[in-house]
Amino acid sequence: YVTGTTSGVGGDLLLLKFSPAGTLLWQLRWGGSAFEGGEDIAVGADGSVYVVGGTTTFGSGNDLAVLKFTADGALVWQQTWASARGDGIALGPDGNLYVAGTAARPGSIGRADVVLLSVDPAGVLRWQRQYAAGDSVDARGGVAVGADGSIAVAGAITARAGGGSVDMEALIVKFAPDGSLEWDRGWGGRSGDTGEGVAIAPDGTVLLAGNTNSFGAGIDDAFLLRLRPDGRRIDASLWGGSAIDH
């Protein structure tokens, strides 16, 4: 399954399904009169397809959107949450959806927080949490759910350093199954680093992948950070050369 955004037909959300051999089985578009985009996909054990992204047509006009489709591509339901952008979606061992996004920080201009939603398979919101830190945080790296139901969200944190300069570090935040905060960690140096992907291993190890301008041999080198279930760092690996790597 692949999701994204069309450009030639009005900027709709696009969903494609391929066979294991790479044959296109079907494609569909979802949208209205403005712009929609898909960011991430989760597939249920029953073949249901869940897509998270953003919409400027439905809801308040600049919303996080979650859609459920059947395995044949029929829309089952759509839900929106105001003033947020969808970044990642994952299915938990309990069968519920966990959606990570970036939301406007209340009472501020140009600042953002991480938002985490728990949604049941029928599209009903179970709970919602907001995580704020620094000048701004985001969930660009998506979300992962462990075998124990714990949830990890990856992204970046921006804070003002001395002299008014702005520094960005990779961010990982871990939540308990009920959405309560367990721990948060930043990783990086002085030149800008971001978390771009996250996974939780069967033993509870948390893996954060991203790119770094602070360490390594080149510009935007790749890194992989491993953390114990309690947030203590195990190690970090770097990959790259004298050019740009992603």
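Strand β18 and strand β19 (residues 233-239) pair in the antiparallel sense over six bridges, and in this pairing Ala-222 stands opposite Trp-239 of β19. Five residues lie between the two strands of this hairpin, and Gly-231 there takes a positive phi near 95°. The model is a predicted one, and the points below move from the surroundings of this hairpin to the aromatic pairs, to an open sheet of three strands, and to two buried residues of strand β10.

**The loop before β18, and positive phi values**

- Asp-220 lies in the loop between β17 and β18, and it has a positive phi of about 55° although it is not a glycine.
- With a relative accessibility of 16%, Asp-220 counts as buried, because the value falls under the 20% limit for that class.
- Ser-83, found in the loop between β7 (75-81) and β8 (84-91), is likewise a residue other than glycine with a positive phi, here near 55°.
- The relative accessible area of Ser-83 is 44%, so that this residue is classed as partly exposed.

**Aromatic pairs**

- Six aromatic pairs are found in a search of the whole structure; one of them joins Trp-187 and Phe-215 in a tilted arrangement, with 5.3 Å from centre to centre and 50° between the planes.
- This pair links distant parts of the chain, since Trp-187 belongs to strand β15 (residues 181-187) whereas Phe-215 sits in the loop between β17 (206-212) and β18 (221-227), 28 residues apart.
- The two partners fall into separate accessibility classes: Trp-187 is buried, with a relative accessible area of 9%, while Phe-215, at 34%, counts as partly exposed.
- Ring pairs also bring in Phe-223, so that Trp-187, Phe-215 and Phe-223 are linked into a cluster.

**The open sheet β1-β2-β3 and Trp-30**

- Three strands form an open sheet in the order β1-β2-β3, with antiparallel pairing.
- Because β1 (2-5) and β3 stand at the edges, each with a single partner strand, one side of each is left without a neighbour in the sheet.
- From one strand to the next, the twist of this sheet averages 20°.
- Strand β2 (residues 13-18) is paired with β3 in the antiparallel sense over six bridges, and within this pairing Leu-13 stands opposite Trp-30 of β3.
- The C-alpha atoms of Trp-30 and Leu-13 are separated by 5.1 Å, although the two residues are 17 residues apart along the chain.
- Trp-30, placed in strand β3 (residues 24-30), is buried, with a relative accessible area of 8%.
- Beyond residues up to four places away in sequence, Trp-30 touches Asp-12, Leu-13, Glu-36, Thr-55, Phe-58, Ala-65, Leu-67, Leu-75 and Gln-78.
- With Gln-78, the contact is also polar, as the side chains of Trp-30 and Gln-78 are joined by a polar contact of 2.8 Å.

**Buried polar residues of strand β10**

- Asp-113 is found in strand β10 (residues 112-119), and at 3% relative accessibility it counts as buried.
- The side chain of Asp-113 makes polar contacts with two other side chains, that of Arg-105 at 2.5 Å and that of Gln-130 at 3.4 Å.
- When neighbours within four places in sequence are left aside, the residues in contact with Asp-113 are Gly-101, Thr-102, Ala-103, Arg-105, Pro-106, Gln-130, Tyr-131, Ala-132 and Val-137.
- Ser-118 lies in strand β10 as well, and it is buried, with a relative accessible area of 0%.
- A polar contact of 2.5 Å joins the side chain of Ser-118 to the side chain of Arg-126.
- Apart from neighbours within four places in sequence, Ser-118 is in contact with Asn-96, Leu-97, Tyr-98, Val-124, Leu-125, Arg-126 and Trp-127.

Notes:
Residues numbered from 1 in each chain as written. Predicted model: local features only at pLDDT ≥ 70, side-chain atom pairs only at ≥ 80, totals over all residues. Heavy atoms only, no water. Helix = DSSP H or I, 4+ residues; strand = E, 2+ residues; numbered from the N terminus. Buried < 20%, exposed > 50% of the residue type's maximum accessible area, 1.4 Å probe, protein only. Polar contact = N/O pair within 3.5 Å; in protein donor to acceptor, adjacent residues only side chain to side chain. Contact = heavy atoms within 4.5 Å. Phe/Tyr/Trp six-rings, centres within 6.5 Å; stacked < 30°, edge-to-face > 60°. Pairing = 2+ DSSP bridges. Axes fitted to C-alpha atoms, helices over the stretch in contact; angles between N-to-C directions.
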